[in-house]
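Subject: Structure handover

Hello,

Here is the structure you will be looking after. Please open it alongside this email; my notes follow below.

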Amino acid sequence: LVLKDPRICRLYPYWDKVLRQAGYAPITLLPLRHPAEVTASLMHRNGLPAEGAVRLWLRHVLDAEKFSRNHGRLWIVWPDFLTEWRTQLAKLEDLASSDLPLRDPVVVNQINTFLSPELQHHRHGVNVGPSSLDLQVFETLTRLAREGETEARLNEIDRHRQRFEEESGA
């Protein structure tokens, strides 16, 4: 069972409860894209202003992190997935304690045919400032994804979340 929707991060506590009551042990897969790429995408697709798109990205990733913390989860940096999908899916196999058909040559060929750098539509197209909160959050989450969760990184995310809440008045 797979639920895919970027807005699900806002409803994760509800879906987690529903899935657990139905007998599932949810695993959260969190693809992480650079905020400038997401901003460019939202500006292009939805006509959002850059500032609003950045705030939306921050709200979604910070909620996704908060609500999935202490649950089975895997952060995947999107460009890493496009180039190293075997490594990323092997991590998912370990987390799920389940075998995926990653050694089946037909499946491997299908994945290799489907995945390409062209799936990364926007590449750092908008720069909102070198010390922006969005870039700090992205850097912390990237380290978390690539190097693992540590108490220090989680505390850093908590500080980012607190700053976001204070700045946005939420």
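To begin with one residue, Glu147 is exposed, with a relative accessible area of 53%. Here, exposed means over 50% relative accessible area, buried means under 20%, and partly exposed is in between, for a 1.4 Å probe and protein chains only. Accessible areas come from the Shrake-Rupley method with a 1.4 Å probe, and for residues only the protein chains shown count as cover.

The model is predicted, so local features need pLDDT of at least 70 and side-chain atom pairs count only at pLDDT 80 or more, while totals for chains, interfaces and linings use all residues. Residues are numbered from 1 along each chain as its sequence is written, and side-chain values use heavy atoms, with hydrogens and water left out.

Salt bridges

Glu147 forms a salt bridge with Arg153, at 2.6 Å from N to O. The term stands for a side-chain nitrogen of Lys or Arg within 4 Å of a carboxyl oxygen of Asp or Glu. Arg153 is buried, at a relative accessible area of 14%. Salt bridges with shared partners also link Glu65, Arg69, Arg73, Glu149, Asp158 and Arg161 into one network. By this rule the count comes to 16 salt bridges.

Two others are worth finding on your screen. Asp80 and Arg146 meet through their side chains at 2.8 Å, N to O, in a salt bridge. Asp80 belongs to helix α4 (residues 78-83) and Arg146 to helix α7, so this pair ties together parts that are 66 residues apart in sequence. Helices (H or I, at least four residues) and strands (E, at least two) are DSSP runs, numbered from the N terminus. Asp80 counts as buried, at 13% relative accessibility.

The other salt bridge joins the side chains of Arg55 and Glu51, again given as 2.8 Å from N to O. These two residues are four apart in helix α3, so about one helical turn separates them. Arg55 is partly exposed, with a relative accessible area of 40%, and Glu51 is exposed, with 60%.

Nonpolar cores and a patch

In soluble globular proteins, nonpolar side chains tend to be buried together. A nonpolar core is a set of buried Ala, Val, Leu, Ile, Met, Phe, Trp, Tyr and Cys residues joined through side-chain atoms within 4.5 Å. Which members of the largest nonpolar core touch the most other members? They are Leu32, Trp57, Leu58 and Val137, out of 23 residues. At least two residues of this core come from each of β1, α2 (35-46), α3, β2 (72-77), α7 (133-147) and α8 (151-168). The most come from α3, which gives seven.

Leaving out residues up to four places away in sequence, Trp57 touches Leu32, Arg33, Pro35, Val38, Asp134, Val137 and Phe138. Contact means heavy atoms within 4.5 Å. There is also a second, separate core of 13 residues, and Ile76, Trp78, Leu102 and Leu115 are among them.

On the surface, Leu1, Leu3 and Tyr24 make a nonpolar patch of about 340 Å². Patches are made of residues with over 30% relative accessible area and no salt bridge; like charges are joined within 9 Å, and nonpolar side chains (Val, Leu, Ile, Met, Phe, Trp, Tyr) within 5 Å. Leu3 sits in the segment before α1 and is partly exposed, at 40% relative accessibility.

Helix α1 and strand β1

Helix α1 (residues 8-21) bends by about 45° at Tyr14. The bend is the angle between axes fitted to the seven residues ending there and the seven starting there. Buried residues in α1 are Cys9, Tyr12, Asp16 and Leu19, and they pack against β1 (27-32) and α3 (50-68). Asp16, with a relative accessible area of 10%, is in contact with Pro26 and His71, leaving aside neighbours within four places in sequence. After α1 comes Gly23, with a positive phi near 95°.

In strand β1 you will find Ile27, which is partly exposed at 34% relative accessibility. Its C-alpha atom and that of His71 are separated by 7.2 Å, although the two residues are 44 apart along the chain.

Loops

Asn70, in the loop between α3 and β2, has a positive phi near 70° and is exposed at 76% relative accessibility. Ser97 lies in the loop between α5 (85-96) and α6 (105-114); its phi is also positive, near 50°.

Regards
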